[in-house]
Amino acid sequence: MIPLRLTLHDFLSYRSVDLDLSGIHTACICGANGAGKSALLEALSWGIWGQSRAANDQDLIRKGSTTARVTVVYRSQEQIYRVMRTRALGGGISLEWQIQTEQQETGQGWRSLTRRGVKATQLGIQQQLRLDYETFINSAYLRQGKADEFTLKRAGERKQILADILKLSQYDDLAERCREQVKQYRTAADQLQGKLDQLQHHQTHQTQLEQQYAQLQHSRIEGEATLATTQAELEQIRQRRQERNRLQERYQDLTQQSQTIGTTLQNTETQWRQQRDRLHQMESLLSQKDQIQLGCQHYQQLLQQDQQLNQAFERYQSLSQQQRSLQAQHLQQQQDYQTQQGSLRQKLQLLQATAQADQVLLQDRERIQEALQSLHRARTALQSWDQRQHQATPLLAKREQLRQQQQQQHSQLIARQALLTQQITQLEQTAEEQQVRQAVGILEADLAVLQERWDYRDLVIEKLQQRRLFVENLQERQRVLQQQWQQVDERRRLLEGSQDQVCPLCQQSLSGGLHSQVLTRQSEEQEELETELFVMREQLAVADRELELLEREKQALDRQLQDFDQRQQQKGRLQQQLETQQQAQQQLLEWQSQLQHIIQDLEHLEIRDPDHPLTQVEADLASIGYSDKDHALCRSEVERWRWAEGRWAEWQRVQARQQANQQQMHALEQQIAALAQAYQQQQSGADGILSRLATLEAALAELNYNPHQHHHLRGQLTAAQGWIQRWHDLQQAAHQHPTLEAQTQALLAALQQQRQHLSQSNQQLAAIHQQLSGIPSVAPVEMQHKEQLLARQRHELDGILAQIGAVQERRQTLTQLQQQQESLSQEIQSTRRQLQIYQELATAYGPNGIPAMIIENVLPELEAEANRILGRLTHHQLHLHFATQRAGRRTDKMIDTLDILIADPRGTRPYETYSGGEAFRINFAIRLALSQLLARRSGSRLQTLMIDEGFGTQDQAGRDQLVSAINTIAADFACILVITHIPSLQDAFSQRIEVERTPQGSQIHRVG
């Protein structure tokens, strides 16, 4: 993947930026801290993969904006693609993916590759690049502060970091799944074995189960006979109790019937007495007939008087309502007249005020006309000045341009003169060329001798690496043999401790002497492994001695070659100084010639030529006679008299409306007089409101209605209404008296009959009481005792039946288990075979299995690549080695580790003992090697390298070596971008991308 163009809109500190990356091979992104250098690389990663260092995508949106958009154009596999990603504040993400095509009509175009959904499109981009985000930030993108993430970890943790970078976590998932399967199969095997043990246990109790079944059948027969006897006795007791209960219920019914008859008798006697009292009241009312008739006649007289007063009341209400209506109408007419008169007078006053103001304006006619004449004269003068300005404007611009050119030429010549003078002075102070040539010859002779020793040292190092690799292979073989020996020893001990004729490993039979044969074979295999282990230890001892001799020889050569790099650097500096002096002599003559030409040009600029364009322009301006000051004064004069136009237009409008205002005022005065006359006629006419009110007052006086008298009459009428009710009661009593007298006689006959029924019921109760005394009673305790005995016997019989059912079920289960025994044994063997397979797979996928083998295979490649880069950074002064095992402190057993050992001219030391500058170079080499390795493992070619690392730990020489190393590995990449704010590093790159933060957002400038 090679980036070609990066476009940002409202992303982090950028408002709108378009960065062209095409043609960049090695470039430096420079700028102040916080300017937005790292934001460019974050935009590239977010645009393609949708991930960045921000925890939330909304944090990427520039403050004050609502949407961030990034467009990335990149080349991959000879094709050009474009990715456009947008993030809205509080909204979602949109993603567009396109490929560049050739179209005959429009030239280059874009064809969409966007899939359905952002996730599907992102997956398509990763599949096309064969590079996901994690691989990208661990390979192509060296983030700030991440170079030492691998080396700063403890030795025991580096393998895990390397496994994470190589994405070996999938083996952890496989191992975990295998362990889960092991748990499931072990549980299943235990359950099956438990079932098998239960089956064998049931088989041993089969005879005892048959005897128990026979005893339970005998107990069942005895229990059923005893239960039948108890049930017969309980039935007799229940019958005797039921007969006594029946007589008791009959006795209770008769007792209740007697009580009912007695109650009815009492009620009938009460009704008879009530009817008799009512009959006496009716006879008393009938005797008051004459008095009631007189009261009713008085009520009729009062009622007639009330009807007459009601008619007068209705007439009184009608007249009063008409009077109130006329009074309200009279009040409304007064208010309307006052409102209309006030409105007309207000309009008249407004017109009078307007007429007075207009009269003041009409008197100012002469002053307005004089101002208009001044305005016309000023405008005529302004037109003349505008024409002169039109002629002078191009000449003024040309004069300013010529003056700026002349000033710029003068400034450039002065600056060039000062620079050449300084450079000539420096070159004249340079040392003699002959002395430098002699020093170069001496250094070349010394370096020739040291180079021979250096070549011999490389051979020693190569042989040392071969012997180390041989030792590591022997140690790996030794570890494998030890594991095999332990496995064989464990199997042999299991066979020796097994007393059965069944193999404890595969559960197969070992009868017929097969047990001793297997044991003998295991012992022979163990002896063969011991012999091979002995040979392996001897070879390791010899190899260790050879390594010790080679290491001593290498250290001696390192001491002899300690100043080799310094001499090479000194030779390079002298050669460069010699070349610089030779070039300086030629440059000195050239600069002296340029200085003479500059002095002549400055003298020429001081002399004004009559034919110079600037002289001609100034002459033309003088002939025109244009003055900015006079032009501005003329414009101000026009503005000064501009008010006269509006004032004159207003005077003309006032004169036109003066006559109309006079007519309107005369019309309003006439309307006010007419309104007053109409109001007077309306109030004082024959049919006016006042005359009608007088007529109504006379009619009310003639009616002579008194409300208080009417109210007193109504009270008397209410009090006399009681005679009407007593008259109705009198008529009803005369009608009901014969019927009530007959009902009283009937109640007396019913009362005598009910007394006879009560006597008969008492005789029946005496007979039933005599029958109850002849039947003995049943005690509740006896009945309860029999029921409890019957329940206990039934419960015992149910228990016996339940035991019989359980025994029968156990007999059936035993029969079924006997049938399943053979299939259960086969299933146990199959489950144990699966258990063994998944145990072996869990071990293979574990940390010491396949992942360890992958890391062991990767480390030599990583070590070779890191040493290649580290050699360029340190002139082959440092060499690193990854040690995967080391001896324990208390035992001879080897411990798995991942130590980083660094060899320098003073010997071999751990990584942790080196200074910050040296450690950074080691980190940088390992990081680049990891990037190359990870890119190759992902199946993609690493064509772009982005470095966002601080070089502050390096001195000047270290920085030069880092830049040299970057330039050396530049051939391996199509594009390298380095972020730094150190000026000396910025000048080392021919192409730069300068980032500057402004109030309008960060801005970029491409240099080179």
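A colleague and a modeller talk through how the descriptions of this predicted model were reached.

Colleague: What should I know about the model before we start, and how are residues numbered?

Modeller: This is a predicted model, in which local features need pLDDT of at least 70 and side-chain atom pairs count only at pLDDT 80 or more, while totals for chains, interfaces and linings use all residues. Residues are numbered from 1 along each chain as its sequence is written, and side-chain values use heavy atoms, with hydrogens and water left out.

Colleague: How many helices and strands are there in the protein, and what makes a stretch count as one?

Modeller: The protein has 22 helices and 15 strands, where a helix is a DSSP run of H or I with at least four residues and a strand is a run of E with at least two, numbered from the N terminus.

Colleague: Why is Q128 called buried or exposed?

Modeller: Buried means under 20% relative accessible area, exposed means over 50%, and partly exposed lies in between, using a 1.4 Å probe and protein chains only. Q128 has 12% relative accessibility, and therefore counts as buried. This residue belongs to helix α2 (residues 118-129), and, leaving aside neighbours within four places in sequence, Q128 is in contact with Y74, S76, Q77, Y81 and W97, contact meaning heavy atoms within 4.5 Å. Q128 and M1 are 127 residues apart in sequence, yet 9.9 Å apart in space, C-alpha to C-alpha.

Colleague: Why does Q478 fall in its burial class?

Modeller: The relative accessible area of Q478 is 13%, so Q478 is buried. Q478 sits in helix α9 (residues 433-497), and its contacts, apart from neighbours within four places in sequence, are L533, M536, R537 and L540.

Colleague: Why is L12 given its exposure class?

Modeller: L12 has 24% relative accessibility, so L12 counts as partly exposed. L12 lies in the loop between β1 and β2, and its phi is near 50°, a positive value in a residue other than glycine. D10, in strand β1, also has a positive phi, of about 55°, although D10 is not a glycine.

Colleague: How do you know that β1 pairs with other strands, and in which sense?

Modeller: Two strands pair if DSSP finds at least two bridges between them. Strand β1 (residues 2-11) has seven bridges with β4 (residues 67-76), in the antiparallel sense, and six with β2 (residues 14-20), which also run antiparallel; both counts therefore meet the cut-off. R5 stands opposite V73 in β4, while H9 stands opposite S16 in β2. β1 and β2 form a hairpin with two residues between them, and β1 is mostly covered, with eight of its 10 residues buried.

Colleague: What makes β8 and β15 the edge strands of the open sheet?

Modeller: The sheet of six strands has the order β8-β12-β13-β3-β14-β15, with mixed pairing. The edge strands are β8 (141-142) and β15 (1001-1007), and each pairs on one side only. Between β8 and β12 (residues 944-947) there are two bridges in the parallel sense, so the requirement of at least two is met. L142 stands opposite I947 in β12.

Colleague: What is meant by a nonpolar core, and which residues have the most contacts inside the largest one?

Modeller: A nonpolar core is a set of buried Ala, Val, Leu, Ile, Met, Phe, Trp, Tyr and Cys residues joined through side-chain atoms within 4.5 Å. The largest has 48 residues, and those with the most contacts inside it are L40, I48, Y74 and F136. The largest share of this core, eight residues, comes from α1. L40 touches L6, L8, Y14, L19, I29, V995 and I1004, not counting residues up to four places away in sequence. A second, separate core of 47 residues includes F920, L930, L962 and F973.

Colleague: How do you know that helix α17 bends, and where?

Modeller: The bend at a residue is the angle between axes fitted to the seven residues ending there and the seven starting there. In α17 (residues 722-772) this angle is about 45° at Q736, and a proline, P738, follows within four residues. Among the buried residues of α17 are L730, A733 and H737.
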